Amino acid sequence: MEITRRPRIADPDFEASPGAPPVRLRDFDPLEYQRLVVNPFLAVFGLVVVVRVGAWLAETRYPALAMLAVVPLAFLPLLIQYHCLDCGQTGSYVHRDRHACPAVGARWNHGSRSRARFPSGWAQLVVWGWILGSLGLLLAVHAWN
Ligand SMILES: [Zn+2]
């Protein structure tokens with residue numbers, strides 16, 4: 001049995017004309033349209049608590065328990081927060097890609113990106129890392145002398 005193909009007429013509402021490039025919908029990436037302020041201070045507080053607990057465990061009867069203080073370090077990135085300048089919502093920086101408030105959607109619809117006037121969350125986090133790392137180094141040098 002032989003199957004013959006019948007030529008089909010392209011439906012212009014649903015299919016592109018033959019030879020035309022495929023029609024692609026724009027991907028919605030909320031990260032490109034958000035205006036967020038990154039706040040790492042809760043994670044810094046968590047780091048201080050973990051270090052103090054580790055130091056306290058090292059001075060107990062079983063100093064090997066201080067190794068348990070390493071486990072919470074894996075969860076410290078969850079304590080880095082973002083604050084949306086459009087709707088005021090605060091959440092975990094790790095889950096910032098889930099935040100799409102109406103202002104973000106409107107910016108996406110108009111095709112205007114927020115990055116032209118506002119640094120990205122990642123850039124803010126890198127700047128915070130440099131500032132807090134420098135302060136930590138200064139405190140370590142001051143404590144050593
Ligand atoms: Zn928002």
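These are my notebook entries on a predicted model, written in the order in which I looked things up.

**Overall layout.** I began with the inventory and found 3 helices and 3 strands in the protein. Reading from the N terminus on, I wrote the order of elements down as β-α-β-β-α-α. I then looked up burial for the whole chain, and of its 145 residues 7% count as buried. For contacts between residues at least 6 apart in sequence, I noted that 60% join residues at least 24 apart.

**The sheet.** I next followed the strands, which form an open sheet of 3 strands in the order β1-β2-β3, with antiparallel pairing. In this sheet β1 and β3 are the edge strands, each of them pairing on one side only. From one strand to the next I recorded a twist that averages 30 degrees. Between β1 and β2, which run antiparallel, I found 4 bridges, and in β2 the residue C84 is the bridge partner of L36. Between β2 and β3 (residues 90-92), also antiparallel, there are 3 bridges, and here I noted that Y82 stands opposite G91 in β3. The hairpin of β2 and β3 has 5 residues between the strands, and within this hairpin G88 takes a positive phi near 85 degrees.

**The helix across the sheet.** I then asked which strands helix α3 lies across. Helix α3 (residues 121-144) lies across β1 and β2, and I wrote down an angle of about 30 degrees between its run and β1.

**V38.** I turned to V38, which lies in strand β1 (residues 36-39), and asked whether V38 is buried or exposed. I entered V38 as buried because 20 other C-beta atoms lie within 10 Å, and 20 is the number at which a residue starts to count as buried. Leaving aside neighbours within four places in sequence, I listed its contacts as I80, Y82, Y93, G121, Q124, L125 and W128. One of these, L125, is 87 residues apart from V38 in sequence, yet the two are 6.5 Å apart in space, C-alpha to C-alpha.

**The core.** I looked for nonpolar cores and found that the largest has 5 residues, namely L36, V38, I80, Y82 and Y93. For comparison I keep in mind that in soluble globular proteins nonpolar side chains tend to be buried together. I followed Y93 further, again leaving aside neighbours within four places in sequence, and its contacts are V38, I80, Q81, Y82 and G121. G121 thus recurs in my lists, as a contact of V38 and as a contact of Y93.

**A69.** My last entry is on A69, whose place is in the loop between α1 (41-58) and β2 (81-84). I asked how many C-beta neighbours A69 has inside 10 Å. There are 18 of them, so I entered A69 as partly exposed, since the class of buried residues begins at 20. Beyond neighbours within four places in sequence, A69 is in contact with V50, V53, G54 and L57. I looked up the spacing to G54 in particular: A69 and G54 are 15 residues apart in sequence and 5.2 Å apart in space, C-alpha to C-alpha.

Methods: Residues numbered from 1 in each chain as written. Predicted model: local features only at pLDDT ≥ 70, side-chain atom pairs only at ≥ 80, totals over all residues. Helix = DSSP H or I, 4+ residues; strand = E, 2+ residues; numbered from the N terminus. Buried ≥ 20, exposed ≤ 12 C-beta atoms within 10 Å, placed from the backbone. Contact = placed C-beta atoms within 7 Å. Pairing = 2+ DSSP bridges. Axes fitted to C-alpha atoms, helices over the stretch in contact; angles between N-to-C directions. Core = buried A, V, L, I, M, F, W, Y, C linked by C-beta atoms within 7 Å.
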